[in-house]
Structure formats: C-alpha cells, structure tokens
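User: I should like a close look at one part of this model, with the surroundings brought in where they bear on it. Please treat it in a single connected account.

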Amino acid sequence: MKRVLTKSALDEIIKIHQLSRRCNGLRQKKHLAKLLKLMRSHSKEITELYQKGDLHYLTEVGDLMILCFELLLENKKSIDATARLCFGRYEKKLTHLLKRP
C-alpha cells in the first residue's frame, strides 16, 4: 500500500497526538471535543488572517492539518488510507463538476 506520509512524519504526528491527549484529556470523548473546538477556532483564524492579507494564515492551515490528523488517530483511522480515499473522491467530484455545462 502506497504511503501518503513518510514513516518519520507519521511518528511525529503520533508523538504530538500522545502529548495532546495528555494535555487535553485521555478520555476519547473529552479529547475529541477539544480537537473539534480547536479546529473551529483555527478555521476562523485562517479566514480572518486571509481577509487581512496576513500570510500567517498558511501556518495556521498547517496547524489545522495537524488537528485533522489527530482527529483521525483519535478515531483509530489510518491517515494514509483516509487521504487516498479522499484523493479519489475529490478527483471524481471535480471531474464530474468540470463536465457540467
């Protein structure tokens, strides 16, 4: 199976996720709630920074990406498998939209 993330990148994300669980709560429900709250906050911040023309919004996109990876790990889902699934879904969706008159 082809990897999306390198092993070292995945190891870093797993390490971050373990620290995050210790910081935000070991119970899955509590940690999921915190991750979702942080995702909403980062999404809002990205929009605000983008509208101001502040390129720091791109760093915040990276933070949001890490939170998304964490959400997958918290639910015991493969980041690689999910990314491959979504690559195909987006390609299919966009190809379909481009064929519309």
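At its relative accessibility, does Arg21 count as buried, partly exposed or exposed? Please begin there and follow the contacts of that side chain outward.

Analyst: The model is a predicted one, and what follows should be read with that in mind. Arg21 counts as partly exposed, because its relative accessibility is 25%, and the limits for that class are 20% and 50%.

The partner of Arg21 is Glu74: the two form a salt bridge in which the closest N and O atoms are 3.1 Å apart. Arg21 belongs to helix α1 and Glu74 to helix α3, so this pair ties together parts that are 53 residues apart in sequence. Glu74 itself is buried, with a relative accessible area of 4%. The bridge thus joins a partly exposed arginine to a buried glutamate.

The count of salt bridges in the model comes to 3. Another of them is formed by Arg3 and Asp80, whose side chains meet at 3.9 Å, N to O. Since a salt bridge requires a nitrogen within 4 Å of a carboxyl oxygen, the 3.9 Å of this pair satisfies the rule. Arg3 lies in the segment before α1 and Asp80 in helix α4, so the parts tied together here are 77 residues apart in sequence. Arg3 is partly exposed, at a relative accessible area of 43%, whereas Asp80 is buried, at 10% relative accessibility.

A further bridge lies within helix α1, where Lys7 and Asp11 are 4 residues apart, a separation of about one helical turn. The closest N and O atoms of Lys7 and Asp11 are 3.0 Å apart. Lys7 counts as exposed, with 54% relative accessibility, and Asp11 is partly exposed, with a relative accessible area of 38%.

Helices α1 and α3, which Arg21 and Glu74 connect, also serve as cover for another element: both are among the parts that cover the buried residues of α2. Those buried residues are His31, Leu32, Leu35, Met39, His42, Ile46 and Leu49. Helix α2 itself runs over residues 28–52, 25 residues that reach 36 Å from first C-alpha to last, close to the 36 Å expected at 1.5 Å a residue. After α2 comes Gly53, which has a positive phi near 80 degrees.

Helix α3 also contributes to the surface. Val61, placed in α3 (residues 57–74), is partly exposed at a relative accessible area of 38%. Together with Leu55 and Leu58, Val61 forms a nonpolar surface patch of about 290 Å² of accessible area. Leu58 of that patch is 23 Å from Glu91, C-alpha to C-alpha, with their positions 33 residues apart in sequence. Glu91 is in helix α4 (residues 79–98) and counts as exposed, at 57% relative accessibility.

Finally, covalent links between side chains may be considered. The count of disulfides is 0. Cys23 takes part in none, as the nearest cysteine sulfur, in Cys68, is 18 Å away. The sulfur of Cys68, in turn, is 10 Å from the closest cysteine sulfur, that of Cys86, which is too far for a bond, because a disulfide requires the two sulfur atoms to be within 2.5 Å. Cys23 is exposed, with a relative accessible area of 65%, while Cys68 counts as partly exposed, at 32%.

Notes. Residues numbered from 1 in each chain as written. Predicted model: local features only at pLDDT ≥ 70, side-chain atom pairs only at ≥ 80, totals over all residues. Heavy atoms only, no water. Buried < 20%, exposed > 50% of the residue type's maximum accessible area, 1.4 Å probe, protein only. Patch = residues over 30% accessible without salt bridge, like charges linked within 9 Å, V, L, I, M, F, W, Y side chains within 5 Å. Areas by Shrake-Rupley, 256 points an atom, 1.4 Å probe, with all protein chains shown as cover. Helix = DSSP H or I, 4+ residues; strand = E, 2+ residues; numbered from the N terminus. Expected span 1.5 Å × (residues − 1). Contact = heavy atoms within 4.5 Å.
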